[in-house]
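These are my notebook entries on a structure that is new to me. I set down what I looked up, entry by entry.

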Amino acid sequence: MKAERRVGAFAAAAFTAAAAAAFTVSMPAHAHHSFAIYDASVTKVFTGVVTRVNPDANHLQIFFAPMNDERTNVIRDEAGEPIIWAVEMAGSAQSAREGVSVNTFPPGTVFSVALHPLRSGEHAGSRRGTPMFKCPERTPPKPGMHCDSVEGHIAIGEGALPKPTE
């Protein structure tokens with residue numbers, strides 16, 4: 001009887017240790033792929049100018065300065081500095097297969113993107129599941145329009161830019 005209890009206790013302890021190890025090992029993957037930090041009920045659409053690209057292996061990010069509605073300049077803060085947003089994409093390898101890389105989006109590139117913003121209110125969001133459009137060099141869209149309206153644009157992803165929700 002005592003031997004059976006020891007075996008049962010050992011099995012329970014082993015199961016608990018294995019479950020804890022599996023949970024510990026799987027946590028970074030779940031935390032990495034969570035999109036709960038983004039508000040999927042909100043869609044913002046921007047046309048902006050690339051300031052830099054961070055080719056991180058997990059998620060490539062494009063940092064950009066949104067353009068004004070007239071498409072003549074970037075939006076600036078009270079100090080006159082450009083307001084910078086970031087859009088998070090897939091990993092660098094997958095983004096490169098779609099045509100998005102440091103070389104294809106150099107600083108100064110004008111593009112349009114829809115994103116789901118961070119719930120924190122910071123100027124960043126996820127492009128998850130939406131297309132984006134790159135304007136031809138030195139050809140911004142007309143006032144109030146986006147790069148998908150410019151002849152010669154490059155589409156990345158399928159479909160149209162979604163309508164903004166705010």
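**Entry 1. A starting point**

Is Phe46 buried or exposed? I looked up its relative accessibility, found 14%, and entered Phe46 as buried. The cut-off explains the entry, because buried means under 20% relative accessible area. I note here that the model is predicted.

**Entry 2. The chain as a whole**

I then turned to the overall layout. The chain has 2 helices and 7 strands, and along the sequence they follow the pattern α-β-β-β-α-β-β-β-β. Of its 166 residues, 34% count as buried. I also looked up how contacts are spread along the sequence. Among those between residues at least 6 apart, 62% join residues at least 24 apart.

**Entry 3. Aromatic rings**

How many aromatic pairs does a search of the whole structure find? I recorded 4. Phe46 and Phe64 make an edge-to-face pair, because their ring planes stand at 65 degrees, with the centres 5.6 Å apart. Phe46 belongs to strand 1 and Phe64 to strand 2, and the two are 18 residues apart, so I entered the pair as a link between distant parts of the chain. For Phe64 I found a relative accessibility of 0%, which counts as buried.

Phe46 also pairs with Trp85, with centres 4.7 Å apart; the planes are at 45 degrees, so this pair is tilted. Trp85 lies in strand 3 and Phe46 in strand 1, so the pair ties together parts that are 39 residues apart in sequence. Trp85 is buried, as is Phe46. Ring pairs join Phe46, Phe64, Trp85, Phe105 and Phe111 into a cluster.

**Entry 4. Charges over rings**

I next looked for charged ends placed over rings. The charged end of Arg52 sits over the ring of Phe63, at 4.0 Å from the ring centre. Lys134 has its charged end over the ring of Phe105, 5.1 Å from the centre. Phe105 is also a member of the ring cluster in Entry 3.

**Entry 5. Nonpolar cores**

Which residues touch the most other members of the largest nonpolar core? The core has 16 residues, and I listed Ile62, Phe64, Val100, Phe105, Phe111 and Met132. Strand 1, strand 2 (61-66), strand 3 (85-88) and strand 4 each give two or more residues to this core. As general background, nonpolar side chains in soluble globular proteins tend to be buried together.

I took Val100 from that list and looked up its contacts, leaving aside neighbours within four places in sequence. Val100 is in contact with Leu60, Ile62, Met89, Ser95, Phe105, Met132 and Ile156. A second, separate core has 9 residues, including Met67, Val110, Ala114 and Val150.

**Entry 6. Salt bridges**

The structure holds 3 salt bridges. Arg119 pairs with Asp39, their closest N and O atoms lying 3.9 Å apart. Arg119 is in the loop between strand 4 (110-117) and strand 5 (124-126), and Asp39 is in the loop between helix 1 (2-33) and strand 1 (44-54), so this bridge ties together parts that are 80 residues apart in sequence. Arg119 is exposed at 55% relative accessible area, whereas Asp39 counts as buried at 19%.

Arg127 and Glu98 form another salt bridge, at 3.4 Å between the closest N and O atoms. Arg127 lies in the loop between strand 5 and strand 6 (132-134) and Glu98 in helix 2 (residues 92-98), so the parts they tie together are 29 residues apart in sequence. Here Arg127 is buried, with a relative accessible area of 8%, and Glu98 is partly exposed, at 34%.

Arg138 and Glu137 also meet through their side chains in a salt bridge, 3.9 Å from N to O. I entered both Arg138 and Glu137 as exposed.

**Entry 7. The disulfide**

Which cysteines form a disulfide? They are Cys135 and Cys147, with sulfur atoms 2.0 Å apart, and the count of disulfides comes to 1. The torsion about the S-S bond is about -100 degrees, so the disulfide is left-handed. Cys135 and Cys147 both lie in the loop between strand 6 and strand 7 (154-156), so the pair ties together parts that are 12 residues apart in sequence. Cys135 and Cys147 are both buried.

Conventions. Residues numbered from 1 in each chain as written. Predicted model: local features only at pLDDT ≥ 70, side-chain atom pairs only at ≥ 80, totals over all residues. Heavy atoms only, no water. Salt bridge = Lys/Arg side-chain N within 4 Å of Asp/Glu carboxyl O. Helix = DSSP H or I, 4+ residues; strand = E, 2+ residues; numbered from the N terminus. Buried < 20%, exposed > 50% of the residue type's maximum accessible area, 1.4 Å probe, protein only. Disulfide = S-S within 2.5 Å. Core = buried A, V, L, I, M, F, W, Y, C linked by side-chain atoms within 4.5 Å. Contact = heavy atoms within 4.5 Å. Phe/Tyr/Trp six-rings, centres within 6.5 Å; stacked < 30°, edge-to-face > 60°. Lys NZ or Arg CZ within 6 Å of the ring centre and 35° of its normal.
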